Amino acid sequence: MLSFRSIQSQSFDAFLFDMDGTILDSSAASERVWGGWARENGIPTPPYHGRRVEDTMADLTGFGIDPEKGASEITQRELDDLAGVVAIPGAAEFLKMLPPRKWAVVTSAPKQLALRRIAAAGLEVIVPEADDRRVVHDIIYRELVQGVIRDESRDACREVIARLVARGA
């Protein structure tokens, strides 16, 4: 595990942040959307946090849910319901301390939803394209949360950063 001291001695080309729970909190809106949708469909609210909506819907076919229709409905509802989406305390100030355009958000949320929530929280960020968000998301949830840091994953993150730099980050 890295210590604070070892991080201080490092140099970084850019930073990648998760969205929900890291720079903003959209739990109130997500709970309303997913809870309401689940009630309307007569099912328990599924575990959705940190997952792509398509992946969550694929798990609900046993309830007779059409995954494409369900994903479309949830995505539209999430785009429409931004009430209570707020920046995590101190996030805006922290992000302003970073070098301009040297950081981005990677998230399981669709890009349009990520941009709407980020704006609703009063933050400004660059969001990588879907394939790059998926790569980083998978690295976070399959490796980093288990304390695993693979060289291939570092290289993949560097490639994501390079594409962001090419876009002006």
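Contact, as I use the word here, means heavy atoms within 4.5 Å. The model in front of you is a predicted one.

I start with the interior. The largest nonpolar core has 21 residues, and the members that touch the most others in it are I23, L24 and I118. Three elements each give two or more residues to this core: α5, residues 91-97, β4, residues 103-105, and α6, residues 111-120. The largest share comes from α6, with 3 residues.

Take L24 from that group. What is L24 in contact with, leaving aside its neighbours within four places in sequence? The list is M19, V85, V86, A87, I88, R117, I118, A121 and L123. So that you can find it on the screen, I118 in that list is again one of the residues that touch the most other core members. There is also a second, separate core, which has 12 residues, among them V33, M57, L60 and I74.

Next, charges. Side chains of opposite charge can pair when their charged atoms come close. How many salt bridges does the structure hold? It holds 16. I will go through three of them and then one network.

The first pair is E40 and R77. Their side chains meet in a salt bridge, at 2.5 Å from N to O. This pair links distant parts of the chain, since E40 sits in helix α2, residues 27-40, while R77 sits in helix α4, residues 67-80, and the two are 37 residues apart. Are these two residues buried or exposed? E40 has 57% relative accessibility, so E40 counts as exposed. The cut-off for exposed is over 50%. R77 has 27% and therefore counts as partly exposed.

The second pair is E54 and R52. The closest N and O atoms in this salt bridge are 3.7 Å apart. E54 is partly exposed, because its relative accessible area is 41%. R52 is partly exposed as well, with 23%.

The third pair is R158 and D155, where the closest N and O atoms are 3.3 Å apart. Both residues are in helix α8, residues 151-166, and they are 3 residues apart, which means about one helical turn lies between them. R158 is exposed, with a relative accessible area of 52%, whereas D155, at 40%, counts as partly exposed.

Now the network. D20, E78 and R117 are joined into one by salt bridges that share partners. You have met R117 already, in the list of residues in contact with L24.

Last, a pair of helices. Two packed helices are described by the angle between their axes and the distance between the axes. The pair here is α7, residues 130-142, and α8. Their axes come within 10 Å and cross at roughly 150 degrees. Angles over 145 degrees count as roughly antiparallel, so that is how α7 and α8 run relative to each other. The crossing of α7 past α8 is left-handed.

Which residues make the contact? From α7 they are D132, V135, V136 and I139, and from α8 they are S153, A156, C157, V160 and R163.

One more look at V135, which lies in helix α7. V135 has a relative accessible area of 31%, so V135 is partly exposed. From A91, V135 is 44 residues away in sequence and 24 Å away in space, C-alpha to C-alpha.

That is the end of my part.

Methods. Residues are numbered from 1 along each chain as its sequence is written. This is a predicted model: local features need pLDDT of at least 70, side-chain atom pairs count only at pLDDT 80 or more; totals for chains, interfaces and linings use all residues. Side-chain values use heavy atoms; hydrogens and water are left out. A nonpolar core is a set of buried Ala, Val, Leu, Ile, Met, Phe, Trp, Tyr and Cys residues joined through side-chain atoms within 4.5 Å. Buried means under 20% relative accessible area, exposed over 50%, partly exposed in between (1.4 Å probe, protein chains only). Helices (H or I, at least four residues) and strands (E, at least two) are DSSP runs, numbered from the N terminus. A salt bridge is a side-chain nitrogen of Lys or Arg within 4 Å of a carboxyl oxygen of Asp or Glu. Axes are lines fitted to C-alpha atoms, for helices over the stretch in contact, and angles run from 0 to 180 degrees between N-to-C directions. Angles under 35 degrees count as roughly parallel, over 145 as roughly antiparallel, 65 to 115 as roughly perpendicular and the rest as oblique. A crossing is left-handed if the near helix is turned anticlockwise from the far one by less than a right angle, and right-handed if clockwise.
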